[in-house]
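Biologist: I would like to learn how to read the sheets and the core of a protein model, one feature at a time. Could we go through an example together?

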Amino acid sequence: MLTSFIRVLLVFTISANVFSQENTITSDSIHYKQKYGLRVGIDINKLVNSSINNNYNGIELNADYRLNNKLYIATEIGFSKNNFIEDYLDFTSKGNYLKAGIDYNMYNNWLSMQNMIFSGLRLGYSKFDQNINSYTIYDTNNQTWGQSFISVPIENTNLSSLWIELILGVKAEIFNNLFLGFNLEVKKMINSEIKNNIQNLYVPGFNKTFEGSSFGVGFGYKISYLIPIRKK
Amino acid sequence: MRFYYSVYLIIIICFLTACEKDDICSETNATTPQLVITFKDANNNAESKAVESLGVYAVKDNELILIESINGITTDSIAIPLRNDINISNFKFYKNHSLIDGEIEGEQNHIYLDYSTTEVFVSRACGFINNYTDLSVFTYDPNVFGPPTVNWISGYEIINPIVENENQAHVNIFH
């Protein structure tokens, strides 16, 4: 509850920053120089989640590099370890992922500001293990013999998944060169290798998979710092 | 423009609060199948023959556990659950079954089933179910020393040694 409250608050602060510059003056004759450079950052939601949630441990670093007025090349690299305890299943998904692609700024900035309302496209790849730690055989007729609980793990190692991702997000410069951003991610699995006929239930970077669907969702709260390289 | 931003914000908030889907294993999902037995006439193996007041008990650790749905019913087919923690199930089939002051009355016949189990992954919510293969049947208790005692069951026939669903009978029992 608290975390979602903080999330909503964050969204508002970000939006207030971006959206307060609505009255864009388009007929400005002076050319304001824009900063170009490498922006590096970290996902704060994953950082906070790792410290408060015993079943989750993860980190995601991100970087983007501005190519021109609108276009950035962008990448995220991350690690996550998740333990899920379901009714009949206890499993752990652990692995690394890399996403690479572009961000396109749809927002026309005022003066030399460099806030973003952007959409992005990524190709994501994850190498991970999904281990079934323990499970209870699902049997609706277990009144007679009792439930059968099995604690011999099933290890599925060296799995890999490939997906594409559409991103919609905002990034606001809260202090000089320091950015706070929020983004939503919609993912579509291209290829997901499975072992022992066990569906990949959670793929690091892709997040939770849904039964009978190749789509996934995600979001990020990112704080990043721009290392200016040149101005133009 | 402000309108679009509002819409955008609402979408974000909806996403944050509502996208966690609860995973519940519903009754419509595949479950571990039971063994389906049909009773046939010993004199005419093609003919179904109902057992009068059939009561079936599972034998676990020398204890008899009545299968609640088979507690003295007259029927020519039953479905019984197989034991999952070991690959053997023991049953006592009682004909003309009745319970009088906690005492089991009727003619009993031991059924011993031996099989291999295969775990099949179903889903995140339901986990795994068991399927059974290599089914074999004894109409007496092979662990009891001496010549087998067979009572009212005169024979059996395995129709399908693979138990994956309950759509068709796996074993015919003749009496």
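Modeller: We will go through the strands, the two sheets and the buried interior of chain B in turn. Please keep in mind throughout that this is a predicted model.

Biologist: Which elements does chain B contain, and in what order do they run from the N terminus on?

Modeller: A list of elements is the usual place to begin. In chain B there are one helix and nine strands, and their order from the N terminus on is α-β-β-β-β-β-β-β-β-β.

Biologist: How should I read the order of the open sheet of five strands?

Modeller: The order names the strands as they lie side by side in the sheet, and here it is 3-2-5-6-7 in chain B, with antiparallel pairing. Strand 3 (63-75) and strand 7 (127-138) of chain B are at the edges, and because each has a single partner strand, one side of each is left without a neighbour in the sheet. From one strand to the next, the twist averages 35°.

Biologist: How many bridges join the strands, and which residues are partners?

Modeller: Going through the pairs, strand 6 (residues 103-123) and strand 7 of chain B run antiparallel and are joined by 10 bridges, with Thr118(B) having Asn131(B) in strand 7 as its bridge partner. Strand 2 (residues 51-60) and strand 3 of chain B, also antiparallel, are joined by seven bridges, and here Val51(B) has Thr75(B) as its bridge partner. The hairpin of these two strands has two residues between the strands, and Asp61(B) takes a positive phi near 50° in it. Strand 2 of chain B is also joined to strand 5 (residues 88-100) by four bridges, again antiparallel, and the bridge partner of Tyr57(B) is Lys92(B) in strand 5.

Biologist: What is the pairing in the open sheet of four strands?

Modeller: Its order is 4-1-9-8 in chain B, and the pairing is mixed. Strand 4 and strand 8 (155-158) of chain B each have a single partner strand, so one side of each is left without a neighbour in the sheet. Ignoring direction, neighbouring strands of this sheet are turned by 25° against each other on average. A parallel pair is formed by strand 1 and strand 9 of chain B, with four bridges, in which Ile37(B) is partnered by Val171(B) of strand 9.

Biologist: Which residues have the most contacts inside the largest nonpolar core?

Modeller: That core has 25 residues, and those with the most contacts inside it are Ile37(B), Leu54(B), Val56(B), Ile80(B), Phe91(B) and Phe93(B). Several strands supply at least two residues each, among them strand 1 (35-40) and strand 9 (171-174) of chain B, while strand 2 of chain B gives the most, with five residues. Leaving aside neighbours within four places in sequence, Leu54(B) is in contact with residues including Ile70(B), Ile73(B), Ile78(B) and Phe93(B). A second, separate core of 19 residues includes Tyr135(A), Ile137(A), Tyr202(A) and Cys126(B).

Biologist: Is Leu82(B) buried or exposed?

Modeller: Burial is judged by counting neighbours, with 20 or more other C-beta atoms within 10 Å as the cut-off. Leu82(B) has 24 and is therefore buried, although this residue is found in the loop between strand 4 (77-80) and strand 5 of chain B. Not counting residues up to four places away in sequence, Leu82(B) touches Leu35(B), Ser89(B), Leu113(B), Tyr115(B) and Tyr132(B).

Terms used:
Residues are numbered from 1 along each chain as its sequence is written. Chains are lettered from A and ligands numbered from 1 in the order in which they are written. This is a predicted model: local features need pLDDT of at least 70, side-chain atom pairs count only at pLDDT 80 or more; totals for chains, interfaces and linings use all residues. Two strands pair if DSSP finds at least two bridges between them. Axes are lines fitted to C-alpha atoms, for helices over the stretch in contact, and angles run from 0 to 180 degrees between N-to-C directions. A residue is buried if 20 or more other C-beta atoms lie within 10 Å of its own, exposed if 12 or fewer, and partly exposed in between; C-beta atoms are placed from the backbone. Two residues are in contact if their C-beta atoms, placed from the backbone, lie within 7 Å. A nonpolar core is a set of buried Ala, Val, Leu, Ile, Met, Phe, Trp, Tyr and Cys residues joined through C-beta atoms within 7 Å.
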